[in-house]
Amino acid sequence: MANDFLNGLEELVLLSIVVLHPDAYAYAIKKEINDQAGQQVSLASIHTVLYRMENKGWVQSELGGQSEKRGGRSKRLFTATSAGTEMLKSTQIARNNLWGKINTI
Amino acid sequence: MGKDQHHIKPVPPRFAIWLLELFCASYWLDEILGDMEEAFLENYATKGKSFAIVAYYWTVLTFLRPHIIRPNTQYSKTGLDMLYNYLTSAVRNLRKNKIYSTINFTGLSVGICCCVLISLYVHHESQYDTFFDDADRIYRVALERQYPDHTRFFATSPVNMAEVLKENYPQVENATRLHRLFFQSSVDVTIGDQNFAEHDFLFADEQFFDVFSFEFVEGTGMDALDDPGKIVLTESTALKYFGNASALGRTVLLDTASFIISGVIRDLPENSHMKFDVLGSIWQLTFLDNARETNSWINPWLNTYVKLKPGIPKETLQSELPQMVKDFGFASIQRQLNISAEEYESSGHGFHYFMQPLTDIHLHSNLDAEIQANGNVMYVYLLSVIVIFILIISCINFINLATAKSSERAKEVGVRKVMGGTRTQLVSQFLVESVLITFIATLLGIVLSYILLPSFNQLIDKSLTIAPLLQPVVLVLIISFIFLLGIIAGLYPAFMLSNFRPTAVLKGSFRTSNSGVWLRNSLIVFQFFISAIMITGTLVLNKQLRYINKKDLGFEKDNTLIVRNSSYLAENWQVFRTRLEADPGVDFVLGGFGLPGDFLGNSIMEAQNPEYPALRVYTNTIDEHYIPGLGMHIKEGRNFDINFNDSLSVLINEAAADLIGGVGLVGTQLRPTNTQPNQADAYTIIGIVEDFHQQSLHSQIQPLLFFKRGEQFPPFNMAVKLNSNENIANQIAKVESLWTELVSEAPFTYTFLDDHLDQLYEGDNKSQDIFGVFTMAAIIMACVGLFGLSAYVAQQRTKEIGVRKVLGASIGNIILLLSADFTKLIVVAYALAIPAVYYGMSEWLDSFAYHTNVDVFTVLIAGLLTLVLAWLTTAYQSIKAGLVNPTKSLRSE
């Protein structure tokens with residue numbers, strides 16, 4: 001999808017998925033964004049973004065990792081697909097290029 | 001957190017979990033719950049219990065997102081399937097029980113048809129005059145005229161009031177005058193060699209088209225009536241006169257004067273309180289011109305309409321009207337009556353003007369000198385009540401039949417429940433079914449009302465169209481009505497049926513509950529309560545109208561041919577009279593200003609003896625044949641006589657004599673109060689006429705005075721009393737041929753006195769017809785319902801009847817047994833109805849000054865009728881049940 005691009009939250013979520021691999025699930029992602037970017041994002045927003053990106057083919061998911069602290073419930077573990085990683089990279093390149101053209105801020 | 005730890009593990013709020021489970025798709029549910037629990041435990045540990053709980057709830061709410069909410073594909077699929085299933089079983093049920101469905105559909109659709117028709121009528125009546133632009137700020141100024149002994153209300157006001165209002169009151173944007181001829185029923189219009197008698201001929205001033213918005217086909221409202229010689233036609237009148245040729249600028253003759261057509265307007269919609277085909281200028285009427293010049297404030301000659309400026313409430317002007325009478329009217333009273341206005345007021349006279357909103361005139365105004373007979377808001381209310389009754393009756397039929405049929409549906413309900421049908425599903429099944437029935441019945445009802453509309457129009461003498469039904473608002477109303485009625489009617493059966501316990505039902509030990517019987521019985525009582533009211537009402541109405549027909553009016557109304565516009569006979573009128581009198585088929589030829597039932601003028605007379613009070617009397621001018629020709633009787637004194645000079649003689653009626661109050665009044669002199677005492681025109685009473693009804697029986701007999709008419713002019717109206725042995729048609733032909741021989745410029749217009757008098761009761765006759773029809777509808781529906789119910793009862797008691805027959809009961813016993821139940825209910829209903837009817841009908845009868853009573857006999861007849869109807873309705877089913885061979889009814893188990 002040539003015209004598609006990552007929006008801010010998507011980029012943060014996708015980056016967190018890569019960072020957290022192999023234990024990237026919604027709540028962990030929420031905490032990661034909170035810790036790294038200092039942004040309070042609601043769980044539901046994370047879910048929406050994950051759902052959207054999964055539909056776009058940038059991430060894929062599987063169930064697993066039940067644990068006691070989750071009341072014995074499974075996690076949905078997300079991994080970035082190659083399309084997702086490509087997207088991240090191209091976004092970063094574009095960003096770097098733009099930064100390079102700035103002399104002073 | 002391990003299980004060996006001592007403190008209890010915190011648990012997220014159950015309700016929040018339940019909420020989430022309610023809407024969350026199962027695909028997401030597990031992980032979301034997991035994530036949330038993780039968050040909850042962390043919050044609990046770091047920020048405390050309450051924060052954790054609130055945060056948990058909040059998170060649940062934030063999950064209300066489209067992709068997370070459970071797509072209800074699976075649910076809606078079953079929903080649609082079930083709806084389809086409900087419809088199928090509804091249709092099958094309707095097909096299976098043909099009688100039941102027919103009764104349901106007829107009852108409901110007849111009810112809805114009545115409802116549609118009456119609503120159209122009520123809508124029509126309530127929309128009078130709303131089509132005028134600015135109708136909300138146009139008012140008519142009406143007069144409450146106070147006399148020392150009574151008060152009269154006039155729709156009319158003095159001739160100069162419009163100008164006074166317009167020039168002196170800043171609230172008034174414009175004012176106009178409208179006049180109809182009070183003493184003439186038609187005006188003759190001549191175009192070339194054609195004659196037309198125009199009955200709807202009004203007169204207006206030059207402001208008329210500024211106040212009332214009319215659309216001009218030819219000409220403009222600006223100058224349409226600015227000259228006494230101009231007249232305006234409606235489109236259809238112009239078409240009648242000139243065909244498709246232009247009418248503008250052409251000349252017509254009214255009577256003998258010629259007028260120029262200055263405009264052609266579109267025909268008025270039917271729903272206007274003013275109706276005219278031809279509109280002349282009021283200034284062509286010389287008496288109005290005179291009244292204007294003398295600035296008379298005594299005679300209310302014409303209708304005054306004011307248009308207020310936008311946003312001004314009517315009270316701001318109405319409150320100034322008393323002062324207006326003082327400022328502008330008192331001088332005229334003083335001048336014309338020769339008495340100071342203050343004295344006049346203190347003697348008990350008063351002119352109180354009030355403003356009637358234009359759109360209220362048709363339904364709420366019933367004053368003297370209206371432009372045409374207005375509608376009566378009472379009839380509108382009454383019809384609305386009747387239509388509600390009819391609707392209730394049809395709903396009751398529906399509910400009753402459905403509950404009665406419930407035992408048959410019980411097995412179906414049982415099976416559905418066993419197969420896993422929930423109560424909600426069953427309730428919706430029955431609601432869907434009843435909404436379906438209402439839907440079909442409503443469609444049928446609307447189609448039926450469309451078919452019946454022409455007959456209904458004939459009945460009420462209007463031309464209603466179905467058009468108001470097609471407005472979007474109304475369509476929405478109809479659809480909500482379908483759902484509302486369907487749900488109301490279906491609610492009780494739905495809940496009752498869905499409540500059955502499947503085991504009981506399927507085992508066959510099911511019996512209709514007692515509460516169902518109770519409800520059914522009260523509904524039947526209510527239905528027959530309404531029917532009894534309507535039957536009695538119709539009978540009393542009939543009785544009153546018969547009373548009117550039979551009542552001795554004090555004169556004979558049969559075989560009397562009224563020749564209108566006899567002034568056209570001009571100098572030939574005596575030839576007309578002599579030739580007719582020579583005819584053996586003619587008993588009398590009489591002439592006068594007005595005949596019984598006609599509008600009469602009035603004046604104030606004062607007796608010469610100062611002990612007698614001044615009296616306001618209606619006056620008529622008649623010849624010596626009038627009294628005997630109409631079969632009136634002289635009680636005292638003598639009739640006018642050609643052997644006397646009677647030009648200063650008068651006859652008075654008993655009511656006038658009573659008002660004067662003396663005995664031996666013959667020979668007493670009377671003088672009109674508005675003449676100078678030295679003008680020697682005092683009249684001598686030469687005779688007293690027995691009271692007769694000049695007006696309808698709605699009003700009391702008023703004091704009346706007859707002057708003798710002079711022979712030099714033709715009378716305004718003539719009447720020919722025909723010999724009852726002659727063929728009426730031949731006689732009419734003879735009179736007509738004589739007329740055409742003597743008169744060339746006007747057509748022969750005639751009517752019979754009894755027909756003419758019938759017109760006074762047109763409203764009453766019409767309402768009798770309407771009530772008759774809708775009473776029939778209500779009764780038929782109540783009977784249809786009873787028929788269905790008796791069929792059901794007979795069927796329920798089949799076995800009981802079989803056993804009774806085996807034990808020796810006769811068919812008669814069985815019929816009695818089955819009728820007894822219904823009879824009891826109807827007797828109860830009737831007992832309840834009597835007081836209601838008695839009160840209601842007495843009120844109505846009181847609107848007639850002369851009326852019959854609600855008597856025991858009528859009430860009994862009505863009761864018997866109700867009962868007989870009910871028996872006849874149930875008889876078929878009872879007899880059928882009684883005739884069944886017990887071997888058949890007892891065989892099957």
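**View 1. Chain B, seen through its long-range contacts.** Among the contacts in chain B with a separation of 6 or more, 80% join residues that sit 24 or more positions apart. Please keep in mind as you browse these views that the model is predicted. The secondary structure of chain B adds up to 28 helices and 24 strands. Of its 893 residues, 51% count as buried. The surface that chain B exposes comes to about 41,800 Å², with 59% of it supplied by carbon and sulfur atoms.

**View 2. Where chain A meets chain B.** Here 20 residues from chain A come into contact with 22 residues from chain B. Together the two chains bury about 2,100 Å² between them, and carbon and sulfur atoms give 51% of that area. If you like to look for polar partners, the interface holds 9 residue pairs in polar contact. On the chain A side, α2 (26-37), α3 (43-56) and β2 (73-80) each supply at least two of the residues that touch chain B. The largest share comes from α3(A), with 7 residues. Sorted by class, the side of chain A that touches chain B has 6 nonpolar, 6 polar and 8 charged residues.

**View 3. A salt bridge across the interface, A:Arg73 with B:Glu37.** The closest N and O atoms of A:Arg73 and B:Glu37 are 2.8 Å apart, and the two residues form a salt bridge. In total, 3 salt bridges are found across the interface of chain A and chain B. For a wider count, a search of the whole structure finds 36 over all chains. As a general reminder, side chains of opposite charge can pair when their charged atoms come close.

**View 4. B:Arg292 and B:Asp289, partners in a helix.** The side chains of B:Arg292 and B:Asp289 meet in a salt bridge, with an N to O distance of 3.9 Å. Both residues belong to helix α9 (residues 286-293) of chain B, where they are 3 residues apart, about one turn of the helix. B:Arg292 is partly exposed, its relative accessible area being 28%. Zoom out a little and you can follow a network of salt bridges that links B:Glu163, B:Arg177, B:Asp205, B:Asp289 and B:Arg292.

**View 5. B:Glu412 and B:Arg416, a pair within helix α14.** These two residues form a salt bridge whose closest N and O atoms are 3.3 Å apart. B:Glu412 and B:Arg416 are separated by about one helical turn because they lie 4 residues apart in helix α14 (residues 377-418) of chain B. Are the partners buried or partly exposed? B:Glu412 is partly exposed, at a relative accessible area of 22%, whereas B:Arg416 is buried, at 19%.

**View 6. B:Asp583 and B:Lys734, a link between distant parts of the chain.** A salt bridge joins the side chains of B:Asp583 and B:Lys734 at 3.2 Å, N to O. The residues are 151 positions apart: B:Asp583 sits in the loop between α19 (573-581) and β15 (586-592) of chain B, while B:Lys734 belongs to helix α22 (residues 728-742) of chain B. B:Asp583 is buried, with a relative accessible area of 11%. Its partner B:Lys734 is partly exposed, with a value of 38%.

Notes. Residues numbered from 1 in each chain as written. Chains lettered and ligands numbered in written order. Predicted model: local features only at pLDDT ≥ 70, side-chain atom pairs only at ≥ 80, totals over all residues. Heavy atoms only, no water. Contact = heavy atoms within 4.5 Å. Buried area = accessible area lost by both parts, 1.4 Å probe. Salt bridge = Lys/Arg side-chain N within 4 Å of Asp/Glu carboxyl O. Polar contact = N/O pair within 3.5 Å; in protein donor to acceptor, adjacent residues only side chain to side chain. Nonpolar A, V, L, I, M, F, W, Y, C, P; charged D, E, K, R; others polar. Buried < 20%, exposed > 50% of the residue type's maximum accessible area, 1.4 Å probe, protein only. Areas by Shrake-Rupley, 256 points an atom, 1.4 Å probe, with all protein chains shown as cover.
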